[in-house]
Amino acid sequence: MAAAATMAAAARELVLRAGTSDLEEEEGPLGSGPGLQEPLQLGELDITSDEFILDEVDVHIQANLEDELVKEALKTGVDLRHYSKQVEMELQQIEQKSIRDYIQESENIASLHNQITACDAVLERMEQMLGAFQSDLSSISSEIRTLQEQSGAMNIRLRNRQAVRGKLGELVDGLVVPSVLVTAILEAPVTEPRFLEQLQELDAKAAAVREQEARGTAACADVRGVLDRLRVKAVTKIREFILQKIYSFRKPMTNYQIPQTALLKYRFFYQFLLGNERATAKEIRDEYVETLSKIYLSYYRSYLGRLMKVQYEEVAEKDDLMGVEDTAKKGFFSKPSLRSRNTIFTLGTRGSVISPTELEAPILVPHTAQRGEQRYPFEALFRSQHYALLDNSCREYLFICEFFAVSGPAAHDLFHAVMGRTLSMTLKHLESYLADCYDAIAVFLCIHIVLRFRNIAAKRDVPALDRYWEQVLALLWPRFELILEMNVQSVRSTDPQRLGGLDTRPHYITRRYAEFSSALVSINQTIPNERTMQLLGQLQVEVENFVLRVAAEFSSRKEQLVFLINNYDMMLGVLMERAADDSKEVESFQQLLNARTQEFIEELLSPPFGGLVAFVKEAEALIERGQAERLRGEEARVTQLIRGFGSSWKTSVESLSQDVMRSFTNFRNGTSIIQGALTQLIQLYHRFHRVLSQPQLRALPARAELINIHHLMVELKKHKPNF
């Protein structure tokens, strides 16, 4: 049964394949009919063979069983034979319908065939046209490449020709001498702008011709003669013009700075001479140096001579030193030496000469000062002289650098050629004056004037005077140190016994020192110098020793202390007016004054309250050592001290105050000493109270007579002087 079923299925598959083959034949080429069917070619198929059944048919059966329709039919239990016939009929119907559709659309298919044939012909013609166009394009691209190559070659030739034209144009422009240039050089005055413009053009052409001649350009020979004649003419006119300007400096009463400034507008004239006629340029430079050198020397020699006539008649001499005794008797015709010496050691308003406003003030006019009978110290004359020198030197140096086109060492050499004689004359005059100068303040002010002028010259970028400033300082510093050492030596060698009568008031030598030291310290604070401070330190040591030597001449210690305090206070007060509060001098004298003031207060309290002071010190020492029991034997002494203090303290304080006010010239200092004495007295009496509060003296009947501390303070305030 299984074999029969398998064979039936195979038969149906063969029928289906045959139907499919028939359908394909019917859909063949046009003109074949449906009746033209070929017999089925089964080949050597052996349907009775078991091998076919087992191998080939099983494969087809298995494949058909995988079909969805077959699966559905098997599930619904459809009769396969009937279903096979139904499928076959449907296929035949579809085949008949397809054939009819082909027959109906045969005309359209034929028309479509004709259209396709026509399109093929059109496309063939288009293909031929495009081929021809492509061949034309390839020939055009080769022509374009040829044109590009020709264009590149033409561009290269154009650039080469333009470069040659530029070079030739420059060469021709540099060699051709226009008529405008010739007319301006030959006819125009040198002061006209067009002459300067054409002179610059002539200089450029001469430089161009020299350059081309070096390269061997033959055309230069055609213009060399013309340029040489124009150059000679220009040099002649320029030489005459500049020499006339220089000669105008020599006229009397002429302000040479005006024509000198006018020359700067024509500084190219000298540059032209330097490049085209060096001999003439050297002649003009030498003439300028000779003329200005004489003018400056004459001007400064005359100005310096007239300036020294307005100096103070009273100047310091070699005997006007700090330690020189001032005990000579004054006659009717005697020189007021004390006043002169005080002026030497006092700064006063002299320090204003280094203030910014006075430092660069207009220079002094000697004849105006003489008419007004005005006199000036040496430092004012020194400032005026060197400010004029600074101002003119800066102007001259800048003119030389700009007009003669020099800088660096060359500018320095040319400047010193002009100003060297003047500077040497000024140095010789200063050296001569300093040989007899003993005014240390004036010399020190001159040093600081030079230091400030050197800074001004540096700000103006004029280094040509640096050497001169160093030479001036080399003259001033040694002289200042010498004068200071002479004053130190004069104080060191002063004999107090030759100073005349002794007086507890401030000594005139210490007053001189105070004024002198404060002057130098205040000046030195602006631009500190260590050497100055060392010399002042030596002078201070000698003055302190001098004060101690004079104080030793007094018989009593109290007078010695009064003298020391008065002198220290006076020196401190003068120093604090000008010097800084933290300066070494102020600090040193403040310590000395405090030490001597404290010693004087103890000396002042000793006569009226010496017993009280001695007892308090002894009692405090016993209490500190743990021997307070020994105070029991001092009851009589304590009682006497209590009653003595209560009965005499007011009188003693009054006498003490009067004594202090008579002893000290500075009332503020006297007031300070009285306050210190009263404060120390209150502290002493308070310590006395603490001693009496000890158990050994607590039962002393005289304790009831003790004065209350607050009451004592109120009463002592009444004795406080007010100024």
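The legends below describe close-up views of one predicted model.

Residues are numbered from 1 along each chain as its sequence is written, and side-chain values use heavy atoms, with hydrogens and water left out. Because this model is predicted, local features need pLDDT of at least 70 and side-chain atom pairs count only at pLDDT 80 or more, while totals for chains, interfaces and linings use all residues.

**View 1. The whole protein is built from helices without strands.** The count is 25 helices and zero strands. Both are DSSP runs numbered from the N terminus: helices are H or I with at least four residues, and strands are E with at least two. The protein has 723 residues, and 38% of them are buried. Buried means under 20% relative accessible area, exposed means over 50%, and partly exposed lies in between (1.4 Å probe, protein chains only). Among contacts with a separation of 6 or more, 78% join residues 24 or more positions apart. A contact here means heavy atoms within 4.5 Å.

**View 2. Leu476 sits in the largest nonpolar core.** That core has 171 residues. Leu476 and Phe688 have the most contacts inside it. A nonpolar core is a set of buried Ala, Val, Leu, Ile, Met, Phe, Trp, Tyr and Cys residues joined through side-chain atoms within 4.5 Å. What does Leu476 touch, leaving aside neighbours within four places in sequence? Its contacts are Phe382, Leu430, Leu434, Val443, Cys446, Ile447 and Val450. A second, separate core has eight residues, including Tyr303, Leu307, Tyr376 and Leu381. In soluble globular proteins, nonpolar side chains tend to be buried together.

**View 3. The largest pocket has a volume of about 670 Å³.** Its lining has 30 residues. Closest to its centre are Tyr312, Tyr376, Pro377, Phe378 and Glu379. Helix H12 (337–345) and helix H15 (378–403) each supply at least two lining residues. The lining divides into 15 nonpolar, five polar and 10 charged residues. Ala, Val, Leu, Ile, Met, Phe, Trp, Tyr, Cys and Pro count as nonpolar, Asp, Glu, Lys and Arg as charged, and the others, Gly among them, as polar. On a 1 Å grid over the protein atoms alone, a pocket is an open set of points where a 1.4 Å probe fits, with protein on both sides within 12 Å along at least five of seven lines; lining residues have an atom within 4 Å of a point. Points are joined across faces, edges and corners, and the volume is the space filled by probe spheres set on them.

**View 4. Cys437 is a buried cysteine.** Its relative accessibility is 4%. Why is there no bond to Cys446? The two sulfurs are 7.6 Å apart, too far for a bond, and Cys446 holds the cysteine sulfur closest to that of Cys437. A disulfide is a pair of cysteine sulfur atoms within 2.5 Å. A search of the whole structure finds zero disulfides. Cys401 is partly exposed, at 22%.

**View 5. Two loop residues have positive phi without being glycine: Glu373 and Asp461.** Glu373 lies in the loop between helix H14 (366–371) and H15. Its phi is near 55 degrees. Glu373 is exposed, with a relative accessible area of 70%. Asp461 lies in the loop between helix H17 (440–459) and helix H18 (466–492). Its phi is about 60 degrees. Asp461 is exposed too, at 56% relative accessibility.

**View 6. Ser490 is a buried residue of helix H18.** Its relative accessible area is 8%. Beyond neighbours within four places in sequence, Ser490 is in contact with Leu321, Met322 and Gly323.

**View 7. Arg549 lies in helix H20 (residues 530–551).** Is this residue buried or partly exposed? Arg549 is partly exposed, at 27% relative accessibility. Leaving aside neighbours within four places, its contacts are Val491, Arg492, Thr494 and Pro496. Gln497 is 52 residues away along the chain, yet the two C-alpha atoms are separated by 9.5 Å.

**View 8. Leu414 belongs to helix H16 (residues 409–434).** This leucine is buried, at 10% relative accessibility. Leu414 touches Arg285, Val289, Ile400, Phe404 and Val406, not counting residues up to four places away in sequence. Its C-alpha atom and that of Ala464 are separated by 9.9 Å, at 50 residues apart along the chain.
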